[in-house]
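Reader: I have a structure open and no idea where to start. Can you walk me through some of it?

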Amino acid sequence: MPTAPDSDTAQPRSRGATLLQSRFEGLTASTFRGQDRVVVPAEQLAEAMALLRDEGFDLLVDVSCVDYLEYRGATSRFGLIYLLADTRTNERLTVRCFVDDPEPTVPSMVPLWEAANWLEREVWDLFGIRFSGHPDLRRLVMPQEFTAHPLRKDYPLQGRGERHNFPVLTRDHS
Amino acid sequence: MSLAPPSAEPASSVPRSEDYLWTLNFGPQHPATHTTLRLVLTLEGERVVDAMPEMGYLHSGFEKIGEHLSFNQYVTVTDRMNYISPMANNVAWHHAVETLLGLELTPRCRYIRTIVAELARISDHLLCNGAVGLDTGAFTFFLYAFQQREVIYDIFETLCGARFTNSYTRVGGVSQDITPLVIEKIRGFLKTFPKTLADMERLLNRNRIFVDRTKGVGVLSREEAIARGTSGPVARASGVTRDLRKDEPYLAYADFDFQVPCATAGDCYARYLVRMAEMRESMRIVEAAVENLPAGEVDVGIAQRTALPTKQQVYSTIEGTISHFELSMSNRGFEVPCEESYAAIEAPNGELGFYIVGDGNETAYRARCRPPSLLHFAVFPHLIRGHTLSDVVAVLGSLNIIAAELDR
Amino acid sequence: MAMSTQPNVSLPENVVVSRLDSLANWCRKNSLWPMPFATACCGIELMATGAAKHDLARFGAEVFRFSPRQCDLMIVAGRVVMKMLPVLQRIWLQMSEPKWCISMGACASTGGVFDTYAVVQGIDRFIPVDMYVPGCPPRPEQLIQAIIDLQDKIQQEGTITGREFETASRQLRKRALVEHDDPLTIDASRNPVVQRRLAAERFSITPPG
């Protein structure tokens, strides 16, 4: 969620959100279209996620990121999104974590959910956010020699010419 | 060791067990890798010791395009994700957009989207099982599946003009309403498909070769399926009874009586059977939906200012004229809240969801696609250790990894 | 020679007089074995073209061999991204002559819908292409038409020794829309296409605060 939302922010009443709010001080929580979001700072993220996993949120649906560089009213640059679900009660919860340049770093969720392995590699590849404790933090979708992080807002859609930089084969070469 | 060469070599060069491992590069251009997947296999003889998957050979920057195209334009790009069942992607994208906008669809639109989503599910499962058959040597099965898919393509072409890559849905409705000819074709398909499906099952279900190649191969336990984030038929074949059509009903699924097939074995054969059974259930849903299709408007009303009004409304009512003006002018468009939301549907492959960040105008600020194939491909090394090289192909086919959805 | 003074010589029915080139072309065009380099959605239409309803085997393209050594026709179906292009080039080099290339679909021909950082804007920038098939994806009938046109091209221009592949002037170097001296230092402010798009956006692009 943007750090300065301008729509309804009723307090969520779901199990996961109330649990986090009771266990940690000063967490911002809101709900939108029936989905609960809780903002957890990076220092408390590992503990909060372990708590949620033990409480029954056994399915990590997605890990992704938003670059708020061009967003009106944003206060931090990167917003991480962790989507969790409970397979027994079908509850969902969104955990947000905001980090900033330079060197954005958060703890890795791989010890808790194995699904986080590739999802975090993708976030590293496309946004440049480091996950401390990740067993194998390499690029996933871009080639290993690629240097930029393409989904950041300051990287142009058409790229910086990397896609034209290949040898040309003519009929003579074959 | 008895296998040491008899020549006069020093004893320190006795081969260790690691020396018998060899590396095989499988892909990214290989018939069995279903387009561009790459696996670097470490083999001992024919047994796989380790598999390192590599992806990204089809990464086209879909999520970055989502930041430059409006909601109705981006649906054309979502077609190109899971290109086996593009209708399901369209439905998923607009489901997510309409969740963000808080839009309520008309009953007719919900039924139409359910019908096309279920036809897309049948199409996807036909191709997935057909590809499993093709990879394990059953070419006739593959041709039967493709012939049925051509019938579904014909239905889609009559409905919206394109065989696949339809871009059928729009914000607040669909691009063309369903016509009686389409309904007739769907009824014809429902009449002939069960017999073909029975023929296909007779070919493979108790075929000794197929069963030997797929039973007990690539077993995924229930705990691993949840911990690794799998969903859809892959998870349901391992005993995870989670189906978004039943757990979080969307569109018109709450009105239909259908079952969700699950299995406990978790091997390739279970995944094959789950997909075959799901096709039968999808047929039931389509039949019920076609018989009970509600009449009325397909697009949402003028008051929501999202779907284009009809020509009659534009020329005869002032609200229609204003709405048309607002939607067509490029610097106006409809109001999008500056908020974020996530919405997922039960795509044929699993849970396909979009996390959309809106910033006021018709173009998303961030359109993140949660691909089921990514997590399934990550599961692959875990499934394949200890199996032989020929099982690699069967397992890869049964996971239904679509490279475009994987890489986006 | 006696033949030249008697133009109306009748030949028995099982004798054909022709040039060696024409004969070789006829053999080659009617047994074009495709190498399907299927990457994306066009790959599914390629499979549909080979399936029962639009049978490509009628035109001689009987077997879709996946080994480049055994093929003569590479059909690039689908978008080719930066990571995949070296693979494409290697497979092209592994095919033995005579070989032809069909670029199937909008993405393989020009980059298609995907004018992004990762997608190569047309494989003919890096591979010699003989036939382009437009469409997104092209219908199977369009692909069959492309194969027929390629067969006509082979019949008209082919040679038994492959001399037609030696002329480098047949392949024109494709030029980018905007030329730069050093491609790696392209920035958005010098690219008019990106500038036009930025100007059309509603909010100005300034970081907050």
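Author: Below are a few notes on a strand, a pocket and one residue. This is a predicted model, where local features need pLDDT of at least 70, side-chain atom pairs count only at pLDDT 80 or more, and totals for chains, interfaces and linings use all residues. Residues are numbered from 1 along each chain as its sequence is written, chains are lettered from A and ligands numbered from 1 in the order in which they are written, and side-chain values use heavy atoms, with hydrogens and water left out.

Reader: Why is strand 3 of chain A largely enclosed by the rest of the structure?

Author: Because nine of the nine residues of strand 3 (residues 59–67) of chain A are buried. Buried means under 20% relative accessible area, exposed over 50%, partly exposed in between (1.4 Å probe, protein chains only). Strands (E, at least two residues) and helices (H or I, at least four) are DSSP runs, numbered from the N terminus.

Reader: How many bridges join it to strand 4 of chain A?

Author: Eight, and strand 3 and strand 4 (residues 78–85) of chain A run antiparallel. V63(A) has Y82(A) of strand 4 opposite.

Reader: Switching topic: where is L399(B)?

Author: In helix 15 of chain B.

Reader: Buried or exposed?

Author: L399(B) counts as buried, because its relative accessibility is 0%.

Reader: Which residues does L399(B) touch?

Author: Leaving out residues up to four places away in sequence, L399(B) touches several, including V234(B), R271(B) and F380(B). Contact means heavy atoms within 4.5 Å.

Reader: And how far is L399(B) from Y315(B) in space?

Author: They are 52 Å apart, C-alpha to C-alpha, and 84 residues apart in sequence.

Definitions and conventions. Two strands pair if DSSP finds at least two bridges between them.
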